[in-house]
Amino acid sequence: MIGRGDPMNTIAFRFRGQDLLVPPELSDAQAAFGFDPEKSAAPAGSRRYSVPLPDGGSCIELLIDDPAAEPPALWRVAGARALLAAAAEQAASAGGSDDYSRLLRACHIARWIDESAFCGRCGTRNGFADDEFARHCPSCGKREYPRISPAVIVLVSDGADRILLARNAKFRNGVHSLLAGFVEAGENLEEAARREVLEEVGVAIRDIRYAASQPWPFPDSLMLGFTAIHSEGDIRPDLVEIMEAAWYSWDALPEIPNRGSVARALIDAWVDSRRLCQNDLRHPPKAERSAP
Ligand SMILES: [Zn+2]
């Protein structure tokens, strides 16, 4: 057991490998918000972990089954990634409820527990620290914390009415999004944004501004969203990660990512700003009368 918390606030998630297990009394959508460990029959054969939430006042209970184990009778297997994407989309459509943050943390920590079973320095089986949320090696004393990998995602505009959207080789057909990539060791976020855009489509950018962020636990990312303006170069997709890229006007966008993604939030905010700008041009504020 790790962490301490108020059992009154505890909700549970159960995983088998990377898959979420859904108790029989819940729909998949309900399972995104966890289950009450007091009300659901206590599953046998799971390892149990009490994981503190960052607010310090409550915990989630993680039950982790062996990936090779059969799902327990009546429990269903659900893809955690699809469930999380659906919960994020619903929250964004409903005005930004963050209830699914517990599922975000559960997915991230379940994976980390699985991947940090042994000390990275001496290979001894890791335990958990008593005084903080960390792995602890009983042999050499090394502590390991949940890994968080920063990645930048950049909305590049032409400084007027168009943004650069690209189709990644991994995207489902037709979806175009912003350019993104992991931050390299020793690199700051602005350098990462410049490098990713240059590598993927061959253009240089300026006026890089932070806009928004989103944790995404597949694998263990923290997406950091930026806006930037094109400074030079013609678009040349690298044809490895990026298969197509082009400028798109705010009122004629191709299919873009679903709500709930930081990419969509950046695109929506930019479209709103362009729409307001157009309205101002059509209906300019009346000039104030000059004093006599
Ligand atoms: Zn060690």
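Domain 1 (7-115) and domain 2 (149-279) both hand residues to the lining of the largest pocket, so that pocket sits between them. Keep in mind that this is a predicted model. Besides the pocket, there's a zinc ion held by four cysteines, and a search of the whole structure turns up two cavities of 30 Å³ or more.

**The pocket between the domains**

- The largest pocket comes out at about 1200 Å³.
- Its lining runs to 40 residues, and the ones nearest the centre are Arg-81, Phe-171, Ser-177, Trp-216 and Met-223.
- Quite a few elements chip in two or more lining residues, among them helix H4 (189-201), strand S12 (204-216), strand S13 (221-232) and helix H5 (262-282).
- Helix H2 (80-93) is on that list too, and with six residues H2 gives the largest share of the lining.
- If you're thinking about the chemistry of the wall, it splits into 23 nonpolar, eight polar and nine charged residues.

**The zinc site**

- The protein donors are the SG atoms of Cys-119, Cys-122, Cys-137 and Cys-140, at 2.3 to 2.4 Å from the zinc ion.
- Angles between the four donor atoms run from 102 to 118 degrees, so the arrangement is tetrahedral.
- For reference, the ideal angle for four tetrahedral donors is 109.5 degrees.
- Along the chain, the donors are spaced as C-x2-C-x14-C-x2-C.
- Cys-119 is in the loop between helix H3 (101-115) and strand S6 (127-128), while Cys-140 is in the loop between strand S7 (135-136) and strand S8 (143-144), so this pair ties together parts 21 residues apart in sequence.
- Those two cysteines don't share a burial class: Cys-119 is buried at 5% relative accessible area, which is under the 20% cut-off, whereas Cys-140 is partly exposed at 31%.

**The largest cavity**

- The largest cavity has a volume of about 50 Å³.
- Lining it are Gly-17, Gln-18, Arg-47, Ile-64, Asp-65, Pro-67, Ala-110 and Asp-114.
- Strand S4 (59-65) and H3 are the elements that give two or more of those residues.
- By class, that makes three nonpolar, two polar and three charged residues.

**The second largest cavity**

- This one holds about 30 Å³ of space.
- Its lining includes Phe-13, Arg-14, Leu-20, Leu-21 and Phe-35.
- Strand S1 (11-16) and strand S2 (19-22) each supply at least two lining residues, and S1 has the largest share with three.
- The wall here has eight nonpolar residues, plus one polar and one charged.

Technical notes: Residues numbered from 1 in each chain as written. Predicted model: local features only at pLDDT ≥ 70, side-chain atom pairs only at ≥ 80, totals over all residues. Heavy atoms only, no water. Donors = N, O, S within 2.8 Å, 3.2 Å for Na, K, Ca; no water. Tetrahedral: all angles 85-135°; square planar, octahedral: opposite > 155°, others 65-115°. Helix = DSSP H or I, 4+ residues; strand = E, 2+ residues; numbered from the N terminus. Buried < 20%, exposed > 50% of the residue type's maximum accessible area, 1.4 Å probe, protein only. 1 Å grid on protein atoms, 1.4 Å probe; cavity = no way out; pocket = protein on both sides within 12 Å on 5 of 7 lines; lining within 4 Å. Points joined across faces, edges and corners; volume = space filled by probe spheres on them. Nonpolar A, V, L, I, M, F, W, Y, C, P; charged D, E, K, R; others polar. Domains from an automatic or database assignment.
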